[in-house]
Amino acid sequence: MYKIICWTVVYPVYVSIASLHLPLHAVMETLGMFIGFRYFLYLRKRQGDQVSGDNRIWSLIGATFGALLGSRLLGSLENPPGLWQADHPLYYIYQNKTIVGGLLGGLAGVEIIKKIIGERQSTGDLFTYPLILAMIIGRIGCFSMGIYEETYGVPTSLPWGMNLGDGLHRHPVALYEIVFLLLWWQLFRYLSRRYVLVSGGRFKLLMIGYLLFRFLLDFIKPGYRFAFGLGSIQLACLAGLIYYSPVIFSPSRLIQKQYA
């Protein structure tokens, strides 16, 4: 006689570390940033860096502050009425964040710093794999929040719909994102074996792929929509895709030309 053992996940998920009882989301988010940065340092040591030490530090500073600002601003604009009606708008902005805003804000921060210091080399390629790894780890934490953070999907009748804490079967969009990032990572490995990409090409591919993915994914996420049917994050994704439109419409720009 066999027993089927089932268990129910209680969202949000907490973990005990020593005497602390912490949300798994906070643990995984911190772990993602730490491991991602360590992976960046490892790749920089193994592959070398075309950017000088001082300029690399400045680019990191620009990326960090740009990501923090962009993440909070766009996160607070996910629900414009909530921001307009907030008693303490600055605190409301601080409470909200989104990875799309972090990526676009980080990009803007780096480009501004590069203009100031006169750096002409692309600085993004070394960030690509560490960013993917950090995002995967962070999304595990997002999934552990269930419906208590806006990283869940609308109800679905598909067989893989999951109860994320409210009794409804929903799209597990955090898991969709993890699968996408793993597949995108494999695509980079394939392209690296087959082609020689221009400097910065790998990072541009990451941004284009992720922004397009998030634009589509947000159609199956609940949240505020403007009268024309799109949300703030989708509009930000479109703005980012327009920025990269020269590469999107002419992908051969990403391939380094070989001369005999």
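In this predicted model, helix H5 has a long list of buried residues: Val100, Gly101, Gly102, Leu103, Leu104, Gly105, Gly106, Leu107, Gly109, Val110, Ile113 and Lys114. These buried residues pack against four helices, namely H2 (53–76), H6 (125–143), H8 (201–217) and H9 (232–243). H5 itself covers residues 99–117. At 1.5 Å a residue its 19 residues should span 27 Å, and the end C-alpha atoms are 27 Å apart, so the expected span and the model agree. Just after the helix, Gly118 takes a positive phi of about 75°.

The contact between H5 and H2 can be followed from the H2 side. Ser59 is found in helix H2. Its relative accessibility is 1%, and because buried means under 20%, Ser59 counts as buried. Leaving aside residues up to four places away in sequence, Ser59 touches Val110, Ile113 and Thr123. Val110 and Ile113 are among the buried residues of H5.

Two backbone features lie toward the start of the numbering. Most residues other than glycine have a negative phi, and most peptide bonds are trans. Tyr11 and Pro12, however, are joined by a cis peptide bond, with omega at about -10°. Pro12 belongs to the segment before strand S1 (14–17). Beyond that strand, Ala18 sits in the loop between S1 and strand S2 (20–23). Ala18 is not a glycine, yet its phi is positive, at about 55°. With a relative accessible area of 80%, Ala18 is exposed, whereas Ser59 in H2 is buried.

Conventions. Residues are numbered from 1 along each chain as its sequence is written. This is a predicted model: local features need pLDDT of at least 70, side-chain atom pairs count only at pLDDT 80 or more; totals for chains, interfaces and linings use all residues. Side-chain values use heavy atoms; hydrogens and water are left out. Helices (H or I, at least four residues) and strands (E, at least two) are DSSP runs, numbered from the N terminus. The expected span of a helix is 1.5 Å times one less than its number of residues. Buried means under 20% relative accessible area, exposed over 50%, partly exposed in between (1.4 Å probe, protein chains only). Contact means heavy atoms within 4.5 Å.
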